[in-house]
Amino acid sequence: MTVQPPQTTGATTRPGDPGAGRTPVGRGDDSGLKAGLKNRHLSMIAIGGVIGAGLFVGSGAGIAATGPGILISYALAGLLVVLVMRMLGEMAAAHPTSGSFSAYADRALGRWAGFTIGWLYWFFWVVVLAVEATAGAQILTGWIPAVPQWAWALLVMVVLTATNLAAVGAYGEFEFWFAGIKVVAIGAFIVVGGLAVFGLLPGTEAVGTSNLLDRGGFLPNGPGAVLSGMLLVVFSFMGSEIVTLAAGESAEPEKAVGRATNSVIWRIGVFYLGSILVVVSLLPWDAEGIVAHGPYVAALKEIGIPHAGTVMDVIVLTAVLSCLNSGLYTASRMAFSLGRRGDAPASFGRTTGRGVPAAAIWASVAFGFVAVFFNYTSPETVFQFLLNSSGAVALFVWLVICFSQLRMRRIIERETPERLTVRMWLYPYLTWATIALILCVVGYMFVDPEGREQMVMSVLVGVLVLAVFLSLIHISYHTIRASI
């Protein structure tokens, strides 16, 4: 691949802008995509985007490490996401595009930033495809052992690939129902669990604050455990930004982004803090079942819900399929945007008659299949490397969003002030405070034994992607020189 001059739409940028001469931020790089997503699709994508399988399964490790203080960890991580989403919402409402933060970084910080963060984000999601396909296959194999696990992984990948290739509306419809099941399940859990906490369900007694305060206190492992817990939970919020990519394929992207941005506070408050509060209120934080079976299964068993494990398997499988569906969509749209901007093979930036970037989808699926293969053949080496090298991408994405918003606000105010319908609070002070908070998490990962490997490997991969960009620029420069 050689870096090509970007496709433009006739708009101009000021010579002083880092992105001068690049495709202007807006819908100009979305040529060929169709507005096939309905308002109900985007609403459910926004709501369900923050509910991943990690909430149902991975939160157990955070509770075991932090105790009831995991609520503070979730609150801090949630605050970080709310602030970042507000910044991203400001830019996306003004200029919706399938490239989202990668396209904004391209304009605000320079082509190197858009290229690097775009490819890192694509890499993150294609690795997620392998993780979620394997997780779904494990559940399905447990139900029907006669079918080998690899066959289930292949089946779910093929089905969701076909869905994404059909039309963007098919992706939206699948995600609407997947996300709807997750939302209903979490809502029902909070209601039933809340009634059990107060002893209002038959056979239950009010537990009050005993499990929150009586077993070593609210922070049984000390205040430092809050940061450790934050490292365990912060990456489960990755996916909140998907709605800003999807908005470019809707009829009213500005309104959709505005609604999603404004609702992110209650979504995180209800689905994460609300459900985790129910878990740590119902169960002692050091209960064996929290890690062994998962916090939600353990809580349902405590309440006396029959077949709690099977019920949760169904919900987790739904969350896995939702994540697979969205991961494939997100990776392909980022690849499409990179192709349109000349930072990926030109075929990635082309669409079919149905408005689908088929080449970008196939490329994403192909890498996902390769990662699934390594998950079976080399789980402790190659696949573990893939996991570690993509582990900190979320923090890189959030940092890029923050720095891009600092510059994009001035560009929007100068060029299209009427489109500034969503504004970051207390700009620029709260933006800088968010940057400081993210850097604190990054610094803590470097000193944390478990987080250090992920951070180091992710940084190395980021440097490698940047080096590839610089090499391609160098080759393109000499090619142009030679042709003159």
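Are Trp-119 and Trp-122 buried or exposed? Select the two residues in this predicted model and the answer is that both Trp-119 and Trp-122 are buried. Their rings form an edge-to-face aromatic pair, with 5.4 Å from centre to centre and 80° between the planes. Because Trp-119 and Trp-122 are 3 residues apart in helix 6, about one helical turn separates them. In general, an α-helix has 3.6 residues a turn, so residues three or four places apart point the same way.

Keep these two side chains on display and add Phe-115, Phe-123, Phe-367 and Phe-469, since ring pairs link these four with Trp-119 and Trp-122 into a cluster.

Next, select Phe-101 and Tyr-121. The count of aromatic pairs in the model comes to 18, and one of them is the edge-to-face pair of Phe-101 and Tyr-121, where the centres are 4.7 Å apart and the planes stand at 85° to each other. This pair links distant parts of the chain, with Phe-101 in helix 5 and Tyr-121 in helix 6 (residues 111-143), 20 residues apart. Phe-101 counts as buried at 0% relative accessibility, and Tyr-121 is likewise buried at 0%.

From Phe-101, step back to Ser-100, which is placed in helix 5 (residues 100-108). The phi of Ser-100 is positive, near 45°, in a residue other than glycine, and Ser-100 is buried, with a relative accessible area of 0%. As background, most residues other than glycine have a negative phi, and most peptide bonds are trans.

For a second positive phi, move to Leu-426, where the angle is about 50° although the residue is not a glycine. Leu-426 lies in the loop between helix 18 and helix 19, and at 63% relative accessibility Leu-426 counts as exposed. While you are in this loop, select Tyr-427 and Pro-428, which are joined by a cis peptide bond with omega at about 0°. Pro-428 is found in the loop between helix 18 (393-415) and helix 19 (429-447). Adding Arg-409 to the view shows that this residue lies over the face of Tyr-427, at 4.3 Å from the ring centre.

A further charge over a ring can be found by selecting Arg-40 and Phe-176, where the charged end of Arg-40 sits over the ring of Phe-176, 4.7 Å from its centre.

Finish at helix 3 (residues 59-66), in which Ser-59, Gly-60, Gly-62, Ile-63 and Thr-66 are buried. Looking down the axis of helix 3, you will find that its buried residues fall within an arc of 160°, so they line one face of the helix. Helix 3 is followed by Gly-67, whose phi is positive, near 80°.

Conventions. Residues are numbered from 1 along each chain as its sequence is written. This is a predicted model: local features need pLDDT of at least 70, side-chain atom pairs count only at pLDDT 80 or more; totals for chains, interfaces and linings use all residues. Side-chain values use heavy atoms; hydrogens and water are left out. Helices (H or I, at least four residues) and strands (E, at least two) are DSSP runs, numbered from the N terminus. Buried means under 20% relative accessible area, exposed over 50%, partly exposed in between (1.4 Å probe, protein chains only). The arc is that of the directions from the helix axis to the C-beta atoms. Rings of Phe, Tyr and Trp (its six-membered ring) pair if their centres lie within 6.5 Å; planes under 30 degrees apart count as stacked, over 60 as edge-to-face and the rest as tilted. A charge sits over a ring if NZ of Lys or CZ of Arg is within 6 Å of the ring centre and within 35 degrees of the ring normal.
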